[in-house]
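Please look at the model shown below before reading on. The explanation that comes after it is meant to be read with the structure in view.

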Amino acid sequence: MTMLQVVRAVAAQLGIAPGRCRHCLERQAETSLGLCNHCAGAFAPRTGGYCSRCGEVFALADEPPRLCSACLHRPPPFSATFLYGVYDGALQETIIQYKYHGRHSVERLLQGLLLQAYAGGRTRLAGPWPAHDCVVPMPLHPGRLRERGFNQSLELARPLAAAHRIPLLAQGLARSRATAPQAGFSRVQRQENVRDAFTVPRSALLAGQRVLLVDDVMTTGATAAAAAWACLQAGAARVDCCVLARA
Ligand SMILES: [Zn+2]
Ligand SMILES: [Zn+2]
């Protein structure tokens, strides 16, 4: 490797390689998300076939979003879900690298995807859309925050809140207790696991507010439902969710 190649490789790893694809770091970025044309295909957004309320993917991608049968009968406490894609493939890998392997060079890519999730959702889901009054990131339990060093939901939410000039309430929600990882639990177990897991430290901040709750991944919606419920109990007028990926 020449010195120039070494400098380029290090810069790319740090996410400071101008003009390079934010995913492969090799080819030139060619899309508005900062991806090369090759990688852009792996990050195509999900534009349909999911529930407009809970985000569950239940139909073909070319069908417009509509309510799933669960939401028709027992709707969750949040009113809509904006999502970028399904939690698999390149999107899943990138989120895992960011959260668990400290690959911060993909942060801008994921932040860009979240911006598109919000913009795309507002166009696709039946409106008219209220303006959101505040953005609230899904909190991590303090123990997990110490372990990871950052709250991915908060970092993802920053540019979204800034772009739409919506106040970001980093401490809008708090975890009142640690919860076991949801993987492997049944639907009922998941609901039990997260019941009363959230508190609103200053309820006056959420009173009457239309809240946009931001998380990286929504699995069954049980965690989002518990968080939304805490916001509504604190007086929020409405809660919508915005996530990168829906499992
Ligand atoms: Zn690429
Ligand atoms: Zn649904």
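The paragraphs that follow treat the domains, then one histidine, and then several salt bridges.

The model is a predicted one. Its protein chain is assigned two domains: domain 1 covers residues 1–43, and domain 2 covers residues 46–246. Taken over C-alpha atoms, the centres of domain 1 and domain 2 are 28 Å apart.

How do the two domains meet? On the side of domain 1, 12 residues are in contact with domain 2, and 12 residues of domain 2 take part in turn. Between them, domain 1 and domain 2 bury an area of about 1000 Å². Carbon and sulfur atoms give 57% of this area. Within domain 1, the residues that lose the most area to domain 2 are Arg 22, Leu 33 and Phe 43, and together they account for 62% of what that side buries.

The polar side of this interface can also be described. Two residue pairs are in polar contact between domain 1 and domain 2, while zero salt bridges are found across the interface. The residues of domain 1 that touch domain 2 divide into seven nonpolar, four polar and one charged.

Attention now turns to a single residue, His 132. Where is His 132 found? The residue is in the loop between helix 5 (107–124) and strand 2 (134–137). Is His 132 buried or exposed? His 132 counts as buried because its relative accessibility is 6%, and the limit for a buried residue is under 20%.

The side chain of His 132 makes a polar contact with the side chain of Tyr 118, at 2.7 Å. A polar contact with the side chain of Asp 240 is also made by the side chain of His 132, at 2.7 Å. When neighbours within four places in sequence are left aside, the residues in contact with His 132 include Phe 82, Arg 122, Ile 166 and Leu 212. Arg 210 and Val 211 are also among them.

Asp 240 leads to the next topic, the pairing of charged side chains. Side chains of opposite charge can pair when their charged atoms come close. How many salt bridges does the rule count? The count comes to five salt bridges, and three of the pairs are described here, beginning with Asp 240 and Arg 238.

The side chains of Asp 240 and Arg 238 meet in a salt bridge, with 2.9 Å from N to O. Asp 240 is buried, because its relative accessible area is 0%. Arg 238, by contrast, is partly exposed, with a relative accessible area of 24%. Asp 240 is thus a partner in a salt bridge with Arg 238 and in a polar contact with His 132.

A further salt bridge joins the side chains of Glu 155 and Arg 158, at 3.0 Å from N to O. Both residues lie in helix 7 (residues 152–163), where Glu 155 and Arg 158 are three residues apart, about one turn of the helix. Glu 155 counts as buried because its relative accessibility is 18%, whereas Arg 158 is partly exposed at 40%.

The side chains of Glu 63 and Arg 66 also meet in a salt bridge, at 3.1 Å from N to O. Glu 63 counts as partly exposed, since its relative accessibility is 27%. Arg 66 is partly exposed as well, with a relative accessible area of 41%.

Terms used
Residues are numbered from 1 along each chain as its sequence is written. Chains are lettered from A and ligands numbered from 1 in the order in which they are written. This is a predicted model: local features need pLDDT of at least 70, side-chain atom pairs count only at pLDDT 80 or more; totals for chains, interfaces and linings use all residues. Side-chain values use heavy atoms; hydrogens and water are left out. Domain bounds come from an automatic or database domain assignment. Contact means heavy atoms within 4.5 Å. Buried area is the accessible area (1.4 Å probe) that two parts lose on being put together, summed over both. A salt bridge is a side-chain nitrogen of Lys or Arg within 4 Å of a carboxyl oxygen of Asp or Glu. A polar contact is a pair of N or O atoms within 3.5 Å; within protein, one must be able to donate a hydrogen and the other to accept it, and residues adjacent in sequence count only if both atoms are side-chain atoms. Ala, Val, Leu, Ile, Met, Phe, Trp, Tyr, Cys and Pro count as nonpolar, Asp, Glu, Lys and Arg as charged, and the others, Gly among them, as polar. Helices (H or I, at least four residues) and strands (E, at least two) are DSSP runs, numbered from the N terminus. Buried means under 20% relative accessible area, exposed over 50%, partly exposed in between (1.4 Å probe, protein chains only).
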